[in-house]
Every structure is written in structure tokens, then in C-alpha cells.
Amino acid sequence: MTSAKAKILIVDDEPAICDILARWLSADGYACESVHSGEAALDALEQDEVHLIISDILMPGMSGIDLLSIVRSKFPGVAVLMVTAVDDRKTGIRTLELGAYGYVIKPFDRNEILINVAMALERREASLLNDEYGGNLRGHITRSLKQIGQLEGIIFHTISSFGHRHGETDEHLRRVGRFASTLLNIVRPGRSMQELDDMARAAAMHDIGKIAAPEAIWLKKGKLDDRERVVAQTHSEAGAKILQGADAPALRLAQEIAWAHHEWWDGTGYPRGLAGDAIPEAARIVAIVDTYDALLHERPHRPAFPEDEALRIIKDESGAHFEPRLVDCFMQALPRMREILQESNLEASQREKLSLDFAKIHRDR
Ligand SMILES: [Fe+2]
Ligand SMILES: [Fe+2]
């Protein structure tokens, strides 16, 4: 469905507000219907498919907040935008916690409404795609994580095999884990073996949320379009949700990393736009080593970079994408990083030889 064909239900007890919203939105290609109470909105939702509701908060009878709660539980596929009075920002924020896709403050203008509507519809579509492709798998892994608790080893192997299907090789995941614990050891000397091991396991799970988006996105040869990028970026939050509530320290660390490994030091990353120290240090470490490893290896949409080029990119991004102090520590750790790369190549060729030997034994039998 393109947003231009979306059906929008406008809920406001003031007919004049309904009229103006319907006029702006219809002129932009949306199909609109107006009702003047929460009760009438629920009737309309039973009758016909609606993609987005724009609802006033203060209405006689059912309030916009009550309507929002009912819609979130009974019609989860419907996006809701709230309209609130100028002196009531707190209520606006509260509606976000209750599941609204956004809120607009009165008096609003045409552009503000159109931008908020387009963004809410885009997010709705991304979240439907997520549910469709990742729902079952996510539920399965979440249950496993909670039940298995301490057995991170098994979980790690499950996760890396999913990673494999999404364009990440086992070697990439293992290397990011080892790079991250090496860098942690330099940034915070004196960590115990257990802590370094937790970091290695947790860092290797950084992209676990990728299972929630269609494989085609990760394997696409060309550049992602805007819509695909929105879906791709949901992998951070999806990863955080998968790992939410886990007890084991490595998994709690993995959740921080999954959620924040695409945040930028200068605050321009995603999903929360965190900046500086607000980004967990483990995620700041993974941001550097994940980029380093990604640059050195071929990806579906580009060839591998030579090491000097990869290091130049990382240095250039110091202070923007990466924390300058961590970039300095990373440069100090380079000799060990290179050893890890060599070890990884050796292990990969040994694994390949082993599987060829197995294949040969099967053939000869
Ligand atoms: Fe990622
Ligand atoms: Fe990665």
C-alpha cells in the first residue's frame, strides 16, 4: 500500500477541525472519514479497514486516551496520531508511552500534519513488515533466551546461524566479538577473563535484530531505497526487544549493544539519536570494530577496502561517528587486530577443509 492511498479516520468533537484536516489530507491523496466521538470511531473501525487515526484527546464521552488504548489492543495494525492542546505537552508524551505514533499540538499547520501522517504511515508499514517476517522467529528466540538463561554458548551458535542467512558470516560475528573484547581490554585494563568473554559473546550478537526484517534487504546488491532503509534500521530496536529481560550478564550487555551500535558519538545515529556518554560504552566499542571488519570485507553492494583506506575512514569519523578516545585506543590495538584477522582466515580455511573432508568421506562410502 502506498501512503497516498491510505485510509484515515479523523476523530474530533469539533466539526470545523475535522473539516480542515479532511480537506488538507484529501488534497494530498488520502481517503478520509470524520467522526465526532471515540465511540463512533470504534464503530467505524469495525465497519471498514483504516490505516491511521488522527484523534483529539479532550472529547465528551470517551477520551482520546481511552480510544488510543482500545485501538492499540483491538486493532494493533492501525497507527494513531494524537492532537493535543498547546498547554498539555505532558499528555502528548504520555500518549507516546501508550503506543501513539506521534502527537501534534494545536494550533497545527498543514505541513506539520502532512509530515506527521507520512511518518506514522511509514512506521506502521515497517512495523507490519517486521511482525510478518520476524514475529515467529523473534518469539521463538525470546522464549529460548529466557528459558536457557546461562547457556549463552548454545544461543550464540543459534544466533550466528541466523546471522549467516542475513549476509553476515560466522567469521564476521566471531571477529567482531574478539575485536571488541581486545579493545575493551585496552580501554578498561584489568577486566576479568569472564568480563572479556562476556564482551566477545555480546558483541557477536550486535545484529541479532536483522532476523526481524526480510532477508532480501540484507542481501540486496544495490543501495537500499528510503523505505528499505527505514525497515533495515529497525534491526537495532528489534535486537533490543529480542534480548529484553534476559538475566545472564553477557545477554544484558548484548541487549545494550544491539540497541545502540548504530548510535553516533555526535548524536546523528539511530534509533534514539543518543550522543556521547549517553551511548553505552560497549556499543561505542562495537561501532568501531564492526565498521573496521565490515570495511575490510566484501559486502553484497561493494568490494572490500584495503586496510589503509579503512583506517583513514575510521580516523575521519573520529568525533562524528566514533568517540575520539576509543579511536585512539583502537589504533594502539591494531597489531592485535591484525593477528585476529589472520587467525580468523586460518580458522575459516581449516573449517572449509574439514567440511570438504566430510563431503569426501560421504562420497567414498
Ligand atoms: Fe547493525
Ligand atoms: Fe556487523
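Which residues coordinate the iron ion (ligand 2)? In this predicted model, the job falls to H172 through NE2, H206 through NE2 and D290 through OD, at 2.2 to 2.3 Å. Around that site sits a protein of 365 residues, 47% of them buried, with 16 helices and 5 strands. Here's the rundown, topic by topic.

**The iron site**

- Reading along the chain, the donors of the iron ion (ligand 2) are spaced as H-x33-H-x83-D.
- Two of these donors come from distant parts of the chain: H206 sits in the loop between α8 (193–204) and α9, while D290 belongs to helix α13, and 84 residues separate the pair.
- H206 counts as buried because its relative accessibility is 0%.
- D290 has a relative accessibility of 12%, so it counts as buried too.
- There's a second iron to keep in mind: the iron ion (ligand 1) lies 5.4 Å from the iron ion (ligand 2).
- If you're setting up geometry checks, ideal angles at a metal are 109.5 degrees for four tetrahedral donors, and 90 or 180 degrees for six octahedral ones.

**The overall fold**

- Take the contacts between residues at least 6 apart in sequence: 65% of them join residues at least 24 apart.
- Helix α12 holds Q255, and this residue counts as buried because its relative accessible area is 19%, with the cut-off at under 20%.
- Leaving aside residues up to four places away in sequence, Q255 touches A240, L243 and Q244.

**The largest pocket**

- The largest pocket offers about 1200 Å³ of space.
- Its lining runs to 35 residues, and L224, H262, Y270, R299 and H301 are the ones nearest the centre.
- Three elements each give two or more residues to the lining of the largest pocket, namely α9 (215–219), α10 (226–233) and α13 (281–296).
- Of the elements, α13 has the largest share of that lining, with 5 residues; this is also the helix that carries the iron donor D290.
- Sorted by class, the lining of the largest pocket comes out as 12 nonpolar, 13 polar and 10 charged residues.

**The second largest pocket**

- About 920 Å³ is the volume of the second largest pocket.
- Here 30 residues make up the lining, with R123, S127, T234, E237 and K241 lying nearest the centre.
- At least two lining residues come from each of α5 (110–148), α10, α11 (235–243) and α12 (249–260).
- The largest share belongs to α5, which puts in 10 residues.
- In terms of chemistry, you get 14 nonpolar, 9 polar and 7 charged residues in this lining.
- Both domains take part: domain 1 (3–124) and domain 2 (149–359) each supply at least three residues to the lining of the second largest pocket.

**Enclosed cavities**

- Rolling a probe the size of a water molecule over the atoms shows where empty space is left.
- Searching the whole structure turns up 3 cavities of 30 Å³ or more.
- The second largest cavity has a volume of about 60 Å³.
- E263, W264, W265, I279, R284, A287, I288, H321, F322, E323 and L326 form its lining.
- Helix α13 shows up again, giving the most to this lining with 3 residues.
- By class, the lining of the second largest cavity splits into 7 nonpolar, 1 polar and 3 charged residues.

**Cis peptide bonds**

- Most residues other than glycine have a negative phi, and most peptide bonds are trans.
- One cis bond joins K106 and P107, with omega at about -5°.
- P107 is in the loop between β5 (102–105) and α5, and α5 is the helix with the largest share of the second largest pocket's lining.
- Another cis bond joins Y270 and P271, with omega at about 5°.
- P271 belongs to the loop between α12 and α13.
- Its partner Y270 is among the residues nearest the centre of the largest pocket.

Key
Residues are numbered from 1 along each chain as its sequence is written. Chains are lettered from A and ligands numbered from 1 in the order in which they are written. This is a predicted model: local features need pLDDT of at least 70, side-chain atom pairs count only at pLDDT 80 or more; totals for chains, interfaces and linings use all residues. Side-chain values use heavy atoms; hydrogens and water are left out. On a 1 Å grid over the protein atoms alone, a cavity is a set of points where a 1.4 Å probe fits but cannot get out, and a pocket is an open set with protein on both sides within 12 Å along at least five of seven lines; lining residues have an atom within 4 Å of a point. Grid points are joined across faces, edges and corners, and a volume is the space filled by probe spheres set on the points. Helices (H or I, at least four residues) and strands (E, at least two) are DSSP runs, numbered from the N terminus. Ala, Val, Leu, Ile, Met, Phe, Trp, Tyr, Cys and Pro count as nonpolar, Asp, Glu, Lys and Arg as charged, and the others, Gly among them, as polar. Domain bounds come from an automatic or database domain assignment. Donors are N, O and S atoms within 2.8 Å of the metal (3.2 Å for Na, K and Ca); water is not among the atoms, so sites may look incomplete. Buried means under 20% relative accessible area, exposed over 50%, partly exposed in between (1.4 Å probe, protein chains only). Contact means heavy atoms within 4.5 Å.
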